[in-house]
2 protein chains.
Amino acid sequence: MKLQLFLKMLADENRLRIINIIKDNALCVGEIQTILGTQQSNTSKHLDKLKSNQIINYYKEAQRVFYFLNKDLVKNYKFFEDLIYTDLSKSHYSNFDLDRLIRYKNSKIDCDYLKEVNFDFEQLKI
Amino acid sequence: MKLQLFLKMLADENRLRIINIIKDNALCVGEIQTILGTQQSNTSKHLDKLKSNQIINYYKEAQRVFYFLNKDLVKNYKFFEDLIYTDLSKSHYSNFDLDRLIRYKNSKIDCDYLKEVNFDFEQLKI
DNA sequence: ATAATATATGAATATATGAGCATATAGAAA
DNA sequence: TTTCTATATGCTCATATATTCATATATTAT
(Lines give C-alpha, C1' and ligand atoms only; values in the text may rest on other atoms or scores of the structure.)
Protein backbone atom coordinates (compact mmCIF):
# COMPACT_ATOMS: atom_id res chain seq x y z
CA MET A 1 0.00 0.00 0.00
CA LYS A 2 1.19 3.48 -0.82
CA LEU A 3 2.02 5.70 2.10
CA GLN A 4 -0.28 8.36 0.74
CA LEU A 5 -3.22 5.97 0.67
CA PHE A 6 -2.42 4.71 4.15
CA LEU A 7 -2.43 8.27 5.45
CA LYS A 8 -5.70 8.95 3.66
CA MET A 9 -7.28 5.99 5.38
CA LEU A 10 -6.07 7.34 8.71
CA ALA A 11 -7.22 10.88 8.00
CA ASP A 12 -10.82 10.35 9.01
CA GLU A 13 -12.27 10.76 12.45
CA ASN A 14 -14.51 7.71 12.35
CA ARG A 15 -11.73 5.49 11.10
CA LEU A 16 -9.28 6.80 13.68
CA ARG A 17 -11.84 6.08 16.37
CA ILE A 18 -12.31 2.54 15.08
CA ILE A 19 -8.58 1.89 14.98
CA ASN A 20 -8.21 3.29 18.47
CA ILE A 21 -10.65 0.85 20.04
CA ILE A 22 -9.57 -2.25 18.14
CA LYS A 23 -5.83 -1.68 18.28
CA ASP A 24 -5.41 -4.11 21.22
CA ASN A 25 -8.43 -6.38 20.88
CA ALA A 26 -10.84 -7.63 18.29
CA LEU A 27 -14.41 -6.30 18.37
CA CYS A 28 -17.48 -7.23 16.40
CA VAL A 29 -19.27 -4.62 14.32
CA GLY A 30 -22.06 -4.25 16.84
CA GLU A 31 -19.61 -3.58 19.63
CA ILE A 32 -17.83 -0.96 17.56
CA GLN A 33 -21.13 0.76 16.81
CA THR A 34 -22.21 0.64 20.41
CA ILE A 35 -18.97 2.00 21.81
CA LEU A 36 -18.59 4.77 19.25
CA GLY A 37 -22.28 5.52 18.95
CA THR A 38 -22.06 5.50 15.17
CA GLN A 39 -24.54 4.30 12.57
CA GLN A 40 -24.63 0.75 11.35
CA SER A 41 -24.08 1.27 7.62
CA ASN A 42 -21.63 4.06 8.12
CA THR A 43 -19.56 1.97 10.51
CA SER A 44 -19.71 -0.95 8.13
CA LYS A 45 -18.46 1.14 5.24
CA HIS A 46 -15.51 2.53 7.13
CA LEU A 47 -14.65 -0.99 8.23
CA ASP A 48 -14.82 -2.04 4.62
CA LYS A 49 -12.38 0.64 3.57
CA LEU A 50 -9.95 -0.28 6.31
CA LYS A 51 -10.31 -3.95 5.45
CA SER A 52 -9.86 -3.39 1.71
CA ASN A 53 -6.63 -1.60 2.36
CA GLN A 54 -5.43 -4.29 4.78
CA ILE A 55 -5.32 -1.96 7.71
CA ILE A 56 -7.57 -4.30 9.63
CA ASN A 57 -8.32 -8.01 9.35
CA TYR A 58 -11.30 -9.99 10.47
CA TYR A 59 -12.60 -13.38 11.47
CA LYS A 60 -16.14 -14.65 11.52
CA GLU A 61 -18.11 -16.32 14.24
CA ALA A 62 -21.58 -17.24 13.02
CA GLN A 63 -23.07 -14.00 11.65
CA ARG A 64 -20.71 -11.88 13.68
CA VAL A 65 -17.64 -10.38 12.12
CA PHE A 66 -14.78 -9.46 14.41
CA TYR A 67 -12.27 -6.88 13.26
CA PHE A 68 -8.79 -6.35 14.57
CA LEU A 69 -5.76 -4.28 13.61
CA ASN A 70 -3.26 -5.65 11.14
CA LYS A 71 -0.14 -5.55 13.31
CA ASP A 72 2.16 -5.92 10.31
CA LEU A 73 1.59 -2.24 9.74
CA VAL A 74 3.38 -1.45 12.96
CA LYS A 75 6.40 -3.37 11.65
CA ASN A 76 6.27 -1.86 8.18
CA TYR A 77 5.52 1.73 9.11
CA LYS A 78 7.63 3.11 11.87
CA PHE A 79 5.38 6.11 12.40
CA PHE A 80 2.29 4.03 12.92
CA GLU A 81 3.04 2.73 16.40
CA ASP A 82 3.64 6.22 17.73
CA LEU A 83 0.55 7.44 16.02
CA ILE A 84 -1.81 4.91 17.56
CA TYR A 85 -0.20 4.57 20.98
CA THR A 86 0.97 8.10 21.65
CA ASP A 87 -0.46 10.78 19.42
CA LEU A 88 -3.90 9.32 19.00
CA SER A 89 -4.43 9.34 22.75
CA LYS A 90 -4.35 13.13 22.65
CA SER A 91 -7.10 13.32 20.10
CA HIS A 92 -10.60 14.51 20.84
CA TYR A 93 -12.54 11.26 21.14
CA SER A 94 -9.80 9.01 22.40
CA ASN A 95 -10.45 9.21 26.13
CA PHE A 96 -14.17 9.06 25.66
CA ASP A 97 -13.99 5.99 23.44
CA LEU A 98 -11.35 4.13 25.44
CA ASP A 99 -13.25 4.80 28.65
CA ARG A 100 -16.35 3.32 27.09
CA LEU A 101 -14.33 0.37 25.83
CA ILE A 102 -13.08 -0.38 29.34
CA ARG A 103 -16.53 -0.02 30.87
CA TYR A 104 -17.93 -2.28 28.21
CA LYS A 105 -15.26 -4.89 28.85
CA ASN A 106 -15.86 -4.68 32.60
CA SER A 107 -19.56 -5.24 32.13
CA LYS A 108 -18.72 -8.77 30.98
CA ILE A 109 -21.27 -8.50 28.23
CA ASP A 110 -19.99 -9.83 24.95
CA CYS A 111 -20.98 -9.49 21.33
CA ASP A 112 -23.51 -12.33 21.55
CA TYR A 113 -25.62 -10.64 24.21
CA LEU A 114 -25.07 -7.07 23.16
CA LYS A 115 -28.42 -6.41 21.49
CA GLU A 116 -30.29 -8.76 23.75
CA VAL A 117 -29.53 -6.71 26.84
CA ASN A 118 -30.12 -3.45 25.02
CA PHE A 119 -26.78 -2.20 26.19
CA ASP A 120 -26.70 1.44 27.21
CA PHE A 121 -23.70 3.28 28.58
CA GLU A 122 -25.90 5.83 30.33
CA GLN A 123 -27.41 3.16 32.51
CA LEU A 124 -24.11 1.44 33.21
CA LYS A 125 -23.22 1.75 36.86
CA ILE A 126 -19.54 1.12 36.24
CA MET B 1 -4.66 21.45 15.04
CA LYS B 2 -6.65 18.28 15.12
CA LEU B 3 -4.78 15.07 14.43
CA GLN B 4 -7.31 14.17 11.79
CA LEU B 5 -6.70 17.41 9.94
CA PHE B 6 -2.96 17.02 10.23
CA LEU B 7 -3.20 13.56 8.70
CA LYS B 8 -5.43 14.89 5.96
CA MET B 9 -2.83 17.50 5.08
CA LEU B 10 -0.21 14.74 4.89
CA ALA B 11 -2.39 12.42 2.84
CA ASP B 12 -1.61 13.98 -0.51
CA GLU B 13 1.24 13.08 -2.78
CA ASN B 14 2.15 16.62 -3.77
CA ARG B 15 2.15 17.80 -0.19
CA LEU B 16 4.24 14.84 0.97
CA ARG B 17 6.73 15.62 -1.78
CA ILE B 18 6.90 19.26 -0.71
CA ILE B 19 7.44 18.33 2.92
CA ASN B 20 10.11 15.85 1.91
CA ILE B 21 12.26 18.41 0.15
CA ILE B 22 11.85 21.25 2.63
CA LYS B 23 12.15 19.19 5.79
CA ASP B 24 15.81 20.15 6.26
CA ASN B 25 16.09 23.42 4.40
CA ALA B 26 13.98 26.31 3.25
CA LEU B 27 13.19 26.61 -0.45
CA CYS B 28 11.44 29.30 -2.44
CA VAL B 29 8.32 28.46 -4.41
CA GLY B 30 10.17 28.47 -7.72
CA GLU B 31 12.71 25.98 -6.39
CA ILE B 32 9.97 23.69 -5.16
CA GLN B 33 8.25 23.80 -8.56
CA THR B 34 11.50 23.17 -10.38
CA ILE B 35 12.57 20.24 -8.25
CA LEU B 36 9.18 18.55 -8.20
CA GLY B 37 8.23 19.52 -11.73
CA THR B 38 4.82 20.68 -10.59
CA GLN B 39 2.67 23.55 -11.80
CA GLN B 40 2.90 27.00 -10.36
CA SER B 41 -0.65 27.52 -9.14
CA ASN B 42 -1.01 23.98 -7.97
CA THR B 43 2.20 24.18 -5.97
CA SER B 44 1.16 27.50 -4.54
CA LYS B 45 -2.18 26.14 -3.40
CA HIS B 46 -0.67 23.16 -1.65
CA LEU B 47 1.79 25.46 0.04
CA ASP B 48 -1.11 27.62 1.12
CA LYS B 49 -2.86 24.66 2.70
CA LEU B 50 0.24 23.58 4.54
CA LYS B 51 0.85 27.15 5.65
CA SER B 52 -2.74 27.72 6.80
CA ASN B 53 -2.50 24.66 8.99
CA GLN B 54 0.89 25.69 10.35
CA ILE B 55 2.65 22.69 8.96
CA ILE B 56 5.09 24.98 7.23
CA ASN B 57 6.24 28.52 7.88
CA TYR B 58 7.73 31.08 5.56
CA TYR B 59 9.84 34.17 5.29
CA LYS B 60 10.01 36.66 2.50
CA GLU B 61 12.97 38.03 0.62
CA ALA B 62 11.84 40.63 -1.87
CA GLN B 63 9.14 38.90 -3.97
CA ARG B 64 10.43 35.49 -3.08
CA VAL B 65 8.74 33.43 -0.43
CA PHE B 66 10.76 30.75 1.28
CA TYR B 67 8.95 27.90 2.96
CA PHE B 68 10.29 25.58 5.61
CA LEU B 69 8.92 22.90 7.88
CA ASN B 70 7.45 23.86 11.24
CA LYS B 71 9.73 21.85 13.48
CA ASP B 72 7.39 22.20 16.44
CA LEU B 73 5.32 19.48 14.83
CA VAL B 74 8.15 17.02 15.37
CA LYS B 75 8.03 17.86 19.06
CA ASN B 76 4.27 17.77 19.34
CA TYR B 77 3.58 14.73 17.22
CA LYS B 78 5.76 11.76 17.99
CA PHE B 79 4.79 9.96 14.81
CA PHE B 80 5.78 12.81 12.57
CA GLU B 81 9.54 12.46 12.84
CA ASP B 82 9.42 8.79 11.87
CA LEU B 83 7.07 9.58 9.08
CA ILE B 84 9.25 12.18 7.41
CA TYR B 85 12.67 10.68 8.15
CA THR B 86 11.97 6.97 7.87
CA ASP B 87 8.72 6.02 6.21
CA LEU B 88 8.61 8.80 3.68
CA SER B 89 11.96 7.74 2.26
CA LYS B 90 10.39 4.50 1.09
CA SER B 91 7.70 6.29 -0.86
CA HIS B 92 7.61 6.47 -4.63
CA TYR B 93 8.95 9.92 -5.35
CA SER B 94 11.27 10.32 -2.42
CA ASN B 95 14.53 9.20 -4.01
CA PHE B 96 13.77 11.00 -7.22
CA ASP B 97 12.99 14.26 -5.47
CA LEU B 98 15.82 14.12 -2.95
CA ASP B 99 18.28 13.29 -5.69
CA ARG B 100 17.13 16.33 -7.61
CA LEU B 101 17.36 18.44 -4.48
CA ILE B 102 21.00 17.41 -3.99
CA ARG B 103 21.87 18.02 -7.64
CA TYR B 104 20.20 21.40 -7.47
CA LYS B 105 22.13 22.32 -4.33
CA ASN B 106 25.38 21.17 -5.90
CA SER B 107 24.74 23.32 -8.94
CA LYS B 108 25.20 26.37 -6.70
CA ILE B 109 22.30 28.07 -8.40
CA ASP B 110 19.96 29.76 -5.98
CA CYS B 111 16.43 31.05 -6.07
CA ASP B 112 17.50 34.41 -7.48
CA TYR B 113 19.04 32.98 -10.63
CA LEU B 114 16.72 30.03 -11.09
CA LYS B 115 14.58 31.37 -13.92
CA GLU B 116 17.38 33.43 -15.39
CA VAL B 117 19.48 30.37 -16.19
CA ASN B 118 16.46 28.39 -17.36
CA PHE B 119 17.38 25.57 -15.03
CA ASP B 120 16.87 22.11 -16.45
CA PHE B 121 17.73 18.87 -14.70
CA GLU B 122 18.07 17.03 -17.98
CA GLN B 123 20.97 19.24 -19.02
CA LEU B 124 22.65 19.12 -15.64
CA LYS B 125 25.98 17.34 -15.89
CA ILE B 126 26.00 16.52 -12.17
C1' DA C 1 -39.88 -24.24 6.02
C1' DT C 2 -40.19 -19.05 8.24
C1' DA C 3 -38.65 -15.43 11.19
C1' DA C 4 -35.11 -12.86 13.32
C1' DT C 5 -30.52 -10.88 13.56
C1' DA C 6 -25.76 -9.15 12.09
C1' DT C 7 -23.53 -7.24 8.58
C1' DA C 8 -22.96 -5.57 3.83
C1' DT C 9 -24.27 -3.04 -0.17
C1' DG C 10 -26.66 0.05 -3.66
C1' DA C 11 -28.58 4.48 -4.62
C1' DA C 12 -29.03 9.24 -3.73
C1' DT C 13 -27.23 13.36 -1.96
C1' DA C 14 -24.20 16.76 -0.15
C1' DT C 15 -19.81 18.28 0.32
C1' DA C 16 -14.87 18.38 -0.37
C1' DT C 17 -10.89 18.20 -3.09
C1' DG C 18 -7.37 18.64 -6.70
C1' DA C 19 -6.13 20.40 -11.15
C1' DG C 20 -5.77 23.87 -14.68
C1' DC C 21 -6.39 28.31 -16.61
C1' DA C 22 -6.56 33.08 -16.32
C1' DT C 23 -5.89 36.96 -13.70
C1' DA C 24 -4.44 39.73 -9.61
C1' DT C 25 -0.99 41.46 -6.49
C1' DA C 26 3.29 42.92 -4.82
C1' DG C 27 7.85 44.00 -5.22
C1' DA C 28 12.06 44.95 -8.22
C1' DA C 29 14.22 46.77 -12.11
C1' DA C 30 14.47 49.96 -15.79
C1' DT D 1 6.51 56.18 -14.35
C1' DT D 2 6.33 51.44 -16.99
C1' DT D 3 7.71 46.80 -17.21
C1' DC D 4 9.01 42.45 -15.48
C1' DT D 5 8.90 38.64 -12.27
C1' DA D 6 7.42 35.66 -8.25
C1' DT D 7 3.68 34.25 -6.00
C1' DA D 8 -1.26 34.13 -4.85
C1' DT D 9 -6.06 33.76 -5.90
C1' DG D 10 -10.73 33.27 -8.27
C1' DC D 11 -13.26 30.42 -11.31
C1' DT D 12 -14.63 26.11 -13.22
C1' DC D 13 -14.54 21.32 -13.97
C1' DA D 14 -14.11 16.66 -12.70
C1' DT D 15 -13.68 13.47 -9.27
C1' DA D 16 -13.76 11.67 -4.62
C1' DT D 17 -15.81 11.22 -0.22
C1' DA D 18 -18.87 10.68 3.72
C1' DT D 19 -23.48 10.10 5.09
C1' DT D 20 -28.17 8.32 5.17
C1' DC D 21 -31.86 5.37 3.83
C1' DA D 22 -33.47 1.27 2.06
C1' DT D 23 -32.60 -3.21 0.81
C1' DA D 24 -29.81 -7.52 0.27
C1' DT D 25 -27.26 -11.38 2.13
C1' DA D 26 -25.97 -14.75 5.33
C1' DT D 27 -26.47 -17.14 9.43
C1' DT D 28 -29.09 -18.59 13.48
C1' DA D 29 -33.28 -19.74 15.88
C1' DT D 30 -37.98 -21.44 15.82
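These legends describe close-up views of a predicted model. In this model, local features need pLDDT of at least 70 and side-chain atom pairs pLDDT 80 or more, while totals for chains, interfaces and linings use all residues. Residues are numbered from 1 along each chain as written, chains are lettered from A in the order written, and side-chain values use heavy atoms, without hydrogens and water.

**View 1. The largest cavity and its lining in chain B.** One cavity of 30 Å³ or more is counted (on a 1 Å grid over the protein atoms alone, a set of points where a 1.4 Å probe fits but cannot get out). The largest cavity holds about 40 Å³. Its lining (residues with an atom within 4 Å of a point) consists of Asn14(B), Ile18(B), Leu36(B), Thr38(B), Asn42(B), Thr43(B) and His46(B). Helices H2 (13-22) and H4 (40-52) of chain B each supply at least two lining residues (helices are DSSP runs of H or I, at least four residues). H4(B) gives the most, with three. By class, the lining has two nonpolar, five polar and no charged residues.

**View 2. The protein surface around DNA strand D.** 25 residues surround the strand (a heavy atom within 4 Å). The closest are Lys45(A), His46(A), Lys49(A), Lys45(B) and Tyr67(B). Of the strand D atoms that come within 4 Å of the protein, 63% belong to sugar and phosphate. The surface has five nonpolar, 11 polar and nine charged residues.

**View 3. Contacts to phosphate oxygens of DNA strand D.** A polar side-chain atom of Arg15(A) lies 2.8 Å from one such oxygen. For a side-chain N or O atom of Asn14(A), the distance is 3.1 Å. Val65(B) instead places a backbone N or O atom 3.4 Å from a phosphate oxygen.

Terms used: 1 Å grid on protein atoms, 1.4 Å probe; cavity = no way out; pocket = protein on both sides within 12 Å on 5 of 7 lines; lining within 4 Å. Points joined across faces, edges and corners; volume = space filled by probe spheres on them. Nonpolar A, V, L, I, M, F, W, Y, C, P; charged D, E, K, R; others polar. Polar contact = N/O pair within 3.5 Å; in protein donor to acceptor, adjacent residues only side chain to side chain.
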